[in-house]
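Welcome! Take a moment to look over the sequence and turn the model around before reading on.

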Number of protein chains: 2
Amino acid sequence: MKIERSKNKKLNSPTSYDVARKAGVSQSAVSRCFRPGKSVSKKTREKILAAAKELGYQPNAIAQGLITKRSNLVAVVISNLTNLAYPEVLAELTQRFSAQGIRVLLFTLAAESEVDEALDQIWRYRVDGAIVAARLSDAQLSEFADRGVPIVLYNRVGGEVAAASVRCDSVSGEAELVDSMVAAGHRHFGIIAGPPDSYVGQERVSAASARLDKHGFEAAVVPGNFDYASGEEGLRELVRITAGKLDAIICANDLLAIGAIDYARFELGMRVPEDISIVGFDGVGPARWRGYQLTTIRQPVRRMTAAAVAMLIDRIEQADLPPEQRVFAGEFLAGSSARTGG
Amino acid sequence: MKIERSKNKKLNSPTSYDVARKAGVSQSAVSRCFRPGKSVSKKTREKILAAAKELGYQPNAIAQGLITKRSNLVAVVISNLTNLAYPEVLAELTQRFSAQGIRVLLFTLAAESEVDEALDQIWRYRVDGAIVAARLSDAQLSEFADRGVPIVLYNRVGGEVAAASVRCDSVSGEAELVDSMVAAGHRHFGIIAGPPDSYVGQERVSAASARLDKHGFEAAVVPGNFDYASGEEGLRELVRITAGKLDAIICANDLLAIGAIDYARFELGMRVPEDISIVGFDGVGPARWRGYQLTTIRQPVRRMTAAAVAMLIDRIEQADLPPEQRVFAGEFLAGSSARTGG
DNA sequence: CTGTTAGCGCGTTCAA
DNA sequence: TTGAACGCGCTAACAG
């Protein structure tokens, strides 16, 4: 029972009425003065701005949102921020939105099950749109459509329900990696997969498998969790189930690859890439460190985030745009963690 | 000139009136039904909830905020998200706030100069409070006080203007690192600093210098930028200005230390820690990778974020709490990138 | 417990 | 160009 309500100083934050009184004009004049493209005479504008500055007045974005039905808020939903690939994405997104006068309401999920809770809040805040890098069910996806909230998926795609999306091409990326390893003479492949609930993880693994199949090879696949530790465990497991008969490891992301490299070097006493080739995916910062020089596919994060932001804003301004899907080719980073050829 | 305004579907999102009509009750009954601790009879509650579910009604948080003066929004300002230490902090913060029914408005700064722009938006959105991991001038800090917006600094402190803050103890951390290296017999120290505008960077460097001084040693100091590349450059520069006479490097953060280790190994052909000891600060993920096993101080991120969230919420609920400063001791990770003793 | 009423701060008609 | 009046969706007295 909260008996005493705190008296919040915010209560006193100046309103457009305060400014109007001080400037000797009407409240609506103040409103127009702070709204682009509205007609106010130079003289009154000056009076108003002076009064506003003196009072430290800033238009109340909450009240604006209530009346204009534009909160200038977008939700960004990211399932696991600790994935090394996401901080850069998030920073790019917020800065790009910010440049467009849009603020980011951040939702990070510790578990995929929290997505419903996040959606609830998203509806409540009447965000203008959402960028989602988390798994969404068809029902959840259609709720966005039903509520008229534009959405752009990031490195995800819709299922039955079509949705706008931006992603990096796993198929061509993995094909490039596989081809260059095959060309270099590798014959015994292993794959360390991502977590089962990761869309890109699945896609990358199946893309790699398919490409290997095309060359007439088959790979042993072990599960992983997109982190360093499961890269180590993955390689250990692969060595076990193949009785050591391996010369090329394809990892669903860079972190797995780094874990695998370290395990190969420090536990198995192997040289990378002389004894075993290991490739990743993403092109995160550590992939380029001297100790790893990962052979990998770098996602074009800047272009992808720019596209995501542009697509979302387009859909905010014009409601019924088709669910465009933009697929970006990754950049092959040769690195030196794999022998490549071709 | 925007001639045609888009017709946003959101226009039609159901209001409490819609629910009231459908349930055959008054609008205020609906309001009470969605407000904790308000009395509604079981029967009407059921009617209302049924109607609400059918319409997909969610209370409009924007309108709620307007009237209650509680937006349930807090701003989180982070200057450089790409600093490996922050993603974890951000994820912890948002999840903890979320658990308290509070949403996070994220501001990431590409440059410290953008802080004014961020503050402008913070005022406009009438956030209930802010967590700031960026440099704030005294004027900016007092504006928070003037506007009655509680703030908690993260790994920063106020200057003349006192402010609540949570941080990791650089002094004791660096002392521990220095002492253990001195005990192991190191005599020629170098320091790779953080960027000049980083508070923790400065603090760590001066703490290390002071402790070395106490032991009768002096260190060569070179500037750095908290990233891998400047760790490499820093070590190169240190070697140059000391003519190679170095056996211990203290880095202002882990990333610098990792860059220095790689440079020592791959460019200088030195063994770490046999030929040179290198220590960092933060305890980020890669610090524990097999290839580095950094000797460092791990920030207790979970406890620090928990404290920051608790302190902010306390100050939201009770306005004029004193500007408490909580300093957390870091955990010494022995690692194996430095010879330690004592 | 319930409905009525009066705003929260602002944007936007509409006359003047 | 300006001001008066209204309403966005909701909460919080208040009377019943």
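This report goes from chain A to the core, then to the contact between chains and to the DNA.

## Chain A as a whole

Keep in mind that this is a predicted model. In chain A you can find 12 helices and 12 strands. The radius of gyration of chain A is 26 Å, well over the 20 Å that the globule rule gives for 342 residues, so chain A is more spread out than a compact globule. You can also picture this with a box: along the principal axes, the C-alpha atoms of chain A fill roughly 85 × 45 × 45 Å.

How many of the residues of chain A count as buried? The share is 53% of the 342 residues. Now take the contacts in chain A between residues at least 6 apart in sequence: 69% of these join residues at least 24 apart.

## The nonpolar core

In soluble globular proteins, nonpolar side chains tend to be buried together. Here, the largest nonpolar core has 204 residues. Which residues have the most contacts inside this core? They are V74(A) and V74(B).

Try zooming in on V74(B). Leaving aside residues up to four places away in sequence, V74(B) touches ten neighbours you can look up, including F97(B), I102(B), V104(B), L105(B) and L312(B). Also among them are V127(B), D128(B), G129(B), A130(B) and I131(B).

## Where the two chains meet

Chain A and chain B each bring 53 residues to their contact. On the side of chain A, the elements that give two or more residues are α4, α5 (86–99), β2 (103–108), α6 (115–124) and α11 (254–266). By class, this side of chain A has 24 nonpolar, 16 polar and 13 charged residues.

Strand β2 deserves another look. β2(A) pairs with β2(B), residues 103–108 of chain B, in the antiparallel sense over 3 bridges. Within this pairing, V104(A) stands opposite L106(B).

## Around DNA strand D

Now move to the DNA. There are 24 residues around DNA strand D, and those that come nearest are S39(A), T15(B), S16(B), S28(B) and S31(B). Both chains take part: α2 (27–33) and α4 (61–68) of chain A, together with α2 (27–33) and α4 (61–68) of chain B, each supply at least two residues of the surface near the strand.

Which element gives the most to this surface? It is α4(B), with 5 residues. By class, the surface near DNA strand D divides into 10 nonpolar, 13 polar and 1 charged residue.

Conventions
Residues numbered from 1 in each chain as written. Chains lettered and ligands numbered in written order. Predicted model: local features only at pLDDT ≥ 70, side-chain atom pairs only at ≥ 80, totals over all residues. Near = placed C-beta within 6 Å. Helix = DSSP H or I, 4+ residues; strand = E, 2+ residues; numbered from the N terminus. Nonpolar A, V, L, I, M, F, W, Y, C, P; charged D, E, K, R; others polar. Rg over C-alpha atoms; globule rule 2.2 N^0.38 Å. Buried ≥ 20, exposed ≤ 12 C-beta atoms within 10 Å, placed from the backbone. Contact = placed C-beta atoms within 7 Å. Core = buried A, V, L, I, M, F, W, Y, C linked by C-beta atoms within 7 Å. Pairing = 2+ DSSP bridges.
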